Structure formats: structure tokens, C-alpha cells
Amino acid sequence: MHSLAYTQHACTAVCAQVCMHRLTHTAVRTKVRAQVSARGRGCDVATNGTRDDAQADGHHDQEPARPLYEIIRDELIADIESGKYPVGALLPSIRDMSVRWTVSTTTARRVLAELVSAGYARPEGTRGHMAIRPAKQEKPPADAPQIPARQHAPVSVPMVRTAQVITAHGAVDAPASRIDVRREPAPPDVAMALNLADHGTPVLVRRRVTTDPSGSPVQFRVSYTAPSAGAEDTPLASPDVVDECWPEALVAHTKRPVKLMESFLCARHPTDTEAAMLALAPSACVLVRVDRYRNKDHQPVDYTVTVWPGDTTHMTIS
């Protein structure tokens, strides 16, 4: 009888420890959520695990809890904006976030995906994610190629386009109908991609809009070519149509070997310039391919961004 009572007492103690462990784990997650949320609002928070004074007084007018991924995302965006993570710096990895904020790997992946979507991060393969700054929503240059007036039609009346089928590394098989070439200061992300010493270094910028037989824009491409490419005194620096595909054109007109350094695809909303050039609403979806080319010394010499309307472009992966 004494042995049975002792056993029951031991079981009760073990169950109490398990329950205490679960309560402690829940309290830690609640505490982390409160601390991260408070940092995002710039205020202090009590961390003794008890209800605050307002609750004790019977006041429960609190804002609904935000998802953890939004809180962490906003904190990292604030860190990027403040310079804690400068442009080009690696952001915390999935493992780092899981440890720092006591969240699952699923939540950490969601945070990184949100940062990429917001324009504050760029995937860098096995290296992780690099901090970047969103491109400023600039207006198209005053003397840029003009888009037909129907781009100003109400969003409820979509433009009719011819459906395009392209490969992941291909392009619309039609000559560019409008070409604009100029020398401009390199945006921060372009300067970083081309390894330029100074942000704002002038680069050759070639914009091309391709239309379907009805005149509707179906492709917009921008190439940023570094001064080291040697394209300044070639037909590439003039608004003339080149017969070759862009990488072949670089080789043919600069007389220098060029190879693809990296390429990646994504889907996102268009920038103001992309929306204007493709006659899209700002809320539309576009497919984007970014190609970076290098010379024989493995130095990047060209950064090209190609954009297609997402609703009429079908991409095949071969």
C-alpha cells in the first residue's frame, strides 16, 4: 500500500513537471512575441508574464495580435532602412531567425519571402539573402518612348494582347518597336550587380519595348552596360535595332567575349516605369528575368532585366 501511494505521488510530480514545461514554453513564445512587437512600435513592455495594468483594471481594448512573420519582417525592414544591414549585406538565415526569434523554419521562410516581395531582399543561392533597397518609383523620362494613349484607359477595360509563349531563357520573337538609349547614373542595385566602385557611376542604359501585331506592348527590357564593356562607341549606344540577341550583340559589337554569369526568374508587381511601358495597372503581375553577364576576367559587364505581362505570357522550362 505504501509502495502504491509512493508511485502515485511520483507520477503526479512528473505530470506536474511536464505541464510546467509546456506552460513555460508557451510563456516564452508569448514573451518573444510581445518583445518583438514592442521593438517594432518603439516602446517598452513588461516581461514578467503577467497581465498588464490595463487588463488588471478590466480594460481589454487591445489590438489583435499580429502574425509573427509580419513583426519580424517589419523589424528587418527597419534595420535595412536604418543601415544596420547595408545594401549588399547578408540578412539573417532561416536558422538564425529560428534561434533569434524562437520561430519555426516555416515562419522564417515566410519572412524572407515577404522581404523579397517588398524589394528589401534578393536571393543569392547558397549564400542566403542579400539586403537591397526597393527601387524608387521613378517616372518614365520625358523623352522616353511613348506608349499609346490607351494605357490611360480604366483598369476595368484591360488591353487586349496576343498571348506569348517563351522559354525560360528566351524572349518574344519580334523586333523591338521602340528603343531608347542614354547614359544614366547606375541605381544602387545595378551598381552592386556590376561591382561598380561608386554608386551613381554612369552606365549605358538601353530600353526596348516589343509589341505584338496589334501594337500592344508584350515585352519590356532594360540593359545596364558597364563602361568596361566597351559598348560606348558601338551601335549598341544608338537607338538602332540590332539583329542579334542581346548577349550575341554584346559580343558582335564590342569584339569581346561575354558569358552568362547568373540568371533568375521571379514574379512581382511592376514598377511605375514597367507599368507605363507595358500599359499595366500597378496591381498587375509581371514575370521578370534578370541576367548578369561577365567578361573573360569574370567581371560583370551587363545587367539586363526583362519584363513580361503575367496574364498573357506563358513560360516553359526546358
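Which residues is Ala-121 in contact with, leaving aside its neighbours within four places in sequence? Keep that question open while you set up the view.

**Set up**

This is a predicted model. Colour the chain by pLDDT. The mean is 76, and 71% of the residues reach 70 or more. Select residues 1-11: pLDDT stays under 50 there, and the model has zero contacts for them beyond four places in sequence. Residues 18-28 also stay under 50, again with zero contacts beyond four places. Hide both stretches if they clutter the view.

Now show the cartoon. The chain has eight helices and ten strands. Of its 318 residues, 40% are buried. Among contacts with a separation of 6 or more, 62% join residues 24 or more positions apart.

**Stop 1: Ala-121**

Select Ala-121. It is found in strand S1, residues 121-123. Its contacts beyond four places in sequence are Leu-91, Leu-115, Val-116, His-129, Met-130 and Ile-132. Show those six as sticks. Is Ala-121 buried or exposed? Its relative accessibility is 4%, so Ala-121 counts as buried. Next, draw a distance from its C-alpha atom to that of Pro-134. The viewer should give 8.8 Å, for residues 13 apart along the chain.

**Stop 2: helices H4 and H5**

Select residues 94-101 for H4 and residues 105-118 for H5. Their axes come within 9 Å and cross at roughly 115°. The crossing is right-handed. Show side chains at the meeting place. H4 brings Ile-94, Met-97 and Ser-98. H5 brings Thr-105, Ala-108, Arg-109, Val-111 and Leu-112.

**Stop 3: the six-stranded sheet**

Move on to the sheet. In what order do its six strands lie? The order is S4-S5-S6-S9-S8-S7, in an open sheet with antiparallel pairing. At the edges are S4 (178-185) and S7 (259-268), each pairing on one side only. Neighbouring strands are turned by 15° against each other on average, direction ignored.

Now add H7, residues 246-254. This helix packs on the sheet and touches S5, S6, S8 and S9. The direction of H7 makes about 40° with that of S6.

**Stop 4: strand by strand**

Start with S5 and S6. They pair in the antiparallel sense over eight bridges. Find Val-209, which stands opposite Phe-220 in S6. The two strands form a hairpin with five residues between them. In its turn, select Gly-215, which has a positive phi of about 95°.

Step across to S9. S6 and S9 are antiparallel and pair over six bridges. Two pairs are worth picking out. Arg-221 has Thr-306 in S9 as its bridge partner. Tyr-224 stands opposite Tyr-303 in S9.

Continue to S8. Nine bridges join S8 to S9, which run antiparallel. Asp-291 has Thr-304 of S9 as its bridge partner. Val-286 stands opposite Pro-309 in S9. S8 and S9 form a hairpin with five residues between the strands, where His-298 takes a positive phi near 65°.

Then check burial. S6 is mostly covered, with nine of its nine residues buried. Why is S9 described as largely enclosed by the rest of the structure? Ten of its ten residues are buried, so the description fits.

**Stop 5: the cores**

Which members of the largest nonpolar core touch the most other members? They are Leu-194, Leu-196, Val-203, Tyr-224 and Tyr-303, out of 23 residues in this core. The elements giving two or more residues to this core are H6 (188-193), S5 (202-211), S6 (217-225), S8 (286-294) and S9 (300-309).

Centre on Val-203 and list its contacts. Not counting residues up to four places away in sequence, Val-203 touches Arg-182, Arg-183, Glu-184, Ala-186, Leu-194, Leu-196, Tyr-224, Thr-225, Ala-226 and Pro-227.

Apart from this core lies another, of 18 residues. Select Ile-77, Val-111, Leu-115 and Tyr-120, which are among its members. Two of these names have come up already. Val-111 is one of the H5 residues that meet H4. Leu-115 is among the contacts of Ala-121. That brings the tour back to its starting residue.

Notes: Residues are numbered from 1 along each chain as its sequence is written. This is a predicted model: local features need pLDDT of at least 70, side-chain atom pairs count only at pLDDT 80 or more; totals for chains, interfaces and linings use all residues. Side-chain values use heavy atoms; hydrogens and water are left out. pLDDT is the predictor's confidence in each residue, from 0 to 100. Contact means heavy atoms within 4.5 Å. A nonpolar core is a set of buried Ala, Val, Leu, Ile, Met, Phe, Trp, Tyr and Cys residues joined through side-chain atoms within 4.5 Å. Buried means under 20% relative accessible area, exposed over 50%, partly exposed in between (1.4 Å probe, protein chains only). Helices (H or I, at least four residues) and strands (E, at least two) are DSSP runs, numbered from the N terminus. Two strands pair if DSSP finds at least two bridges between them. Axes are lines fitted to C-alpha atoms, for helices over the stretch in contact, and angles run from 0 to 180 degrees between N-to-C directions. A crossing is left-handed if the near helix is turned anticlockwise from the far one by less than a right angle, and right-handed if clockwise.
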